[in-house]
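Subject: The structure, and what I found in it

Hi,

Here is the structure I promised to pass on. Have it open while you read, and turn it around as you go.

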Amino acid sequence: AVFALYREPSRASEANAYLLSFQASNEAWAVSEALLASQHEDVALFAACCLHQKARGVSSAPQPAEKELCDRLCSAVGHIAWQAVRSQLCLAISLLAAHVYARDAGGPAALCRSAAFAALPPASQVEILAALPQACPQHHEQLRGSLSLVLQLLQHLSQPIAPSAAVAPIAGHVATCLHAWQPLGVDLADLAGGPLLEALTLALRCPEPLCEVAADVLCASMTVASFPPAEEGARLMPLLLEQLVLASPACVPERCVPPASSAADGVAMAVTRVLASAVEGAADAALSLSLSTPPCLSLSPSLTHAPSPFAPAVSTTALGGPLGLMLALSTLEERRYFEELAAAWASLAVVASAALGSRSHGGVALADDTCARLRLSWEQLARVL
């Protein structure tokens with residue numbers, strides 16, 4: 001019937017009616033669970049969708065058999081290759097967990113303490129965690145109470161994160177999961193307490209849509225209502241800025257030529273968005289880090305096309321750190337990078353002007369060469385304008 005639905009237009013209506021009738025039957029639970037092992041993606045996807053719909057209709061008191069089914073489906077996630085099938089199955093698992101653990105203080109998130117969940121590979125665990133807020137909006141208050149538990153799990157699962165392609169997939173899963181939990185109150189303090197911040201900046205280097213997802217999480221974490229008070233933010237923002245600078249060689253297209261592909265363009269814009277929010281919110285921290293960081297990017301473009309007024313030659317004797325990264329992005333040929341950073345440049349101009357006027361910043365006197373490098377940075381920005 002599934003093959004007829006998708007591959008035989010003349011029988012599609014008949015097949016659809018049969019499958020809808022099948023989905024409403026009690027036998028659909030066991031048959032769909034068995035069909036998850038099919039070698040045909042269409043069949044496995046139908047089975048996962050059927051389980052998702054069945055789970056939406058569960059309303060009786062929790063039964064031991066339902067917990068056993070939830071555990072078996074949880075175990076099955078790690079053996080399915082197709083992402084669309086896993087997504088539907090994770091939603092079904094989340095709905096069953098909300099039913100099975102209805103009386104648990106943690107609600108659906110109590111699933112995280114089960115043996116079946118603990119036995120899953122890290123990527124599968126993160127996929128299930130990401131499905132919980134989406135599948136169970138009526139349980140958000142319970143889930144919010146489990147936010148610290150979920151963040152601890154994500155911190156643990158992100159522990160091996162390092163700047164290499166081998167761990168990029170788990171960073172992408174973590175970014176997507178954090179994006180799902182963001183409306184429940186994930187702030188920068190939650191991210192900065194372990195390897196999650198590193199995982200997100202690693203995800204910034206991934207092609208779209210993952211880099212955009214990571215950028216959304218990082219930008220939102222700086223504006224969420226539970227963001228820590230100013231003194232705590234002063235400690236956290238430099239950590240984010242440092243991570244962005246460390247990621248910059250992989251995120252800024254080489255030598256300021258236009259990005260070679262839409263993927264490179266997406267990565268550069270994702271970094272630009274996060275950098276703009278961070279510098280605008282912590283201009284003093286951005287300038288302090290810039291004054292103490294040597295240039296890490298070569299900004300003298302070797303253009304193979306006609307020079308653009310938005311791609312001037314830039315010396316490496318200017319400041320590094322966030323200011324140097326902003327210059328690198330503003331120097332890209334497409335003006336939209338500079339426009340995204342305009343408000344951040346305005347915030348930074350205020351503190352930079354005060355530093356040059358007093359020849360000090362943060363209570364520390366600035367050496368002559370430091371003042372010269374700071375002036376040079378602004379001269380180079382003027383050339384971009």
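Below is what I found, starting with the overall picture and then going helix by helix.

First, a caution: this is a predicted model. The average pLDDT of the chain is 80, and 82% of the residues reach at least 70. Two stretches need extra care. Residues 253-259 stay under 50 in pLDDT, though the model gives them 21 contacts beyond four places in sequence. Residues 297-316 are also below 50, and that stretch has 48 contacts beyond near neighbours in sequence. I'd treat both stretches with caution.

**The overall picture**

The chain has 20 helices and two strands. Of its 385 residues, 51% are buried. If you count contacts between residues at least 6 apart in sequence, 72% of them join residues at least 24 apart. On the outside, about 16,800 Å² is exposed, with carbon and sulfur atoms supplying 57% of that area.

**The cores**

Which residues have the most contacts inside the largest nonpolar core? They are Leu89, Leu178, Trp181, Trp345 and Leu348, in a core of 117 residues. Helix 6 gives the largest share of this core, with 11 residues. Pick Leu348 if you want to see what such a residue touches: leaving out residues up to four places away in sequence, its partners are Val279, Ala283, Ala286, Leu287, Leu323, Met326 and Trp378. There is also a second, separate core of seven residues, and Leu19, Ala28, Phe46 and Cys50 are among them.

**Helix 4**

Two of those names, Phe46 and Cys50, turn up again among the buried residues of helix 4. The others there are Val43, Ala44, Ala47, Ala48, Leu51, His52, Lys54 and Ala55. Note that the list takes in His52 and Lys54. What covers the buried residues of helix 4? The cover includes helix 1 (2-7), helix 2 (12-23), helix 3 (28-35), helix 5 and helix 6. You can check the length of helix 4 yourself: its 16 residues (41-56) should span 22 Å at 1.5 Å a residue, and the end C-alpha atoms are 22 Å apart, which agrees.

**Helix 20**

Now try the same check on helix 20. Its 17 residues (368-384) should span 24 Å, and the end C-alpha atoms lie 25 Å apart, which agrees. The buried residues here are Thr370, Cys371, Leu374, Ser377, Trp378, Gln380, Leu381 and Val384. They pack against helix 17 (283-292), helix 18 (321-330) and helix 19 (336-358). You have already met Trp378, as one of the residues that Leu348 touches.

**Salt bridges**

There are eight salt bridges in the structure, and a few are worth a look.

- Lys67 and Asp71 form one, at 3.2 Å from N to O. Both sit in helix 5 (residues 64-77), four residues apart, which is about one turn of the helix. An α-helix has 3.6 residues a turn, so residues three or four places apart point the same way. Is each partner buried or exposed, or something in between? Lys67 is at 33% relative accessibility, so it counts as partly exposed, while Asp71 is at 19% and counts as buried, because the cut-off is under 20%.
- Glu141 and Arg144 meet at 2.5 Å, N to O. They lie three residues apart in helix 9 (residues 140-145), again about one turn. Glu141 is exposed, with a relative accessible area of 62%, and Arg144 is partly exposed at 33%.
- Arg86 pairs with Glu127, with the closest N and O atoms 2.8 Å apart. Arg86 is in helix 6 (residues 83-100) and Glu127 is in helix 8 (residues 122-135), so this pair ties together parts that are 41 residues apart in sequence. Both Arg86 and Glu127 are buried.
- Glu212, Asp216 and Arg273 are linked in a network of salt bridges.

**One loop residue**

Last, find Pro209, in the loop between helix 13 (196-203) and helix 14 (210-221). Pro209 is at 58% relative accessibility, so it counts as exposed. Its C-alpha atom is 8.2 Å from that of Gly266, although the two residues are 57 apart along the chain.

Have fun exploring!

Methods:
Residues numbered from 1 in each chain as written. Predicted model: local features only at pLDDT ≥ 70, side-chain atom pairs only at ≥ 80, totals over all residues. Heavy atoms only, no water. pLDDT = per-residue confidence, 0-100. Contact = heavy atoms within 4.5 Å. Salt bridge = Lys/Arg side-chain N within 4 Å of Asp/Glu carboxyl O. Buried < 20%, exposed > 50% of the residue type's maximum accessible area, 1.4 Å probe, protein only. Areas by Shrake-Rupley, 256 points an atom, 1.4 Å probe, with all protein chains shown as cover. Expected span 1.5 Å × (residues − 1). Core = buried A, V, L, I, M, F, W, Y, C linked by side-chain atoms within 4.5 Å.
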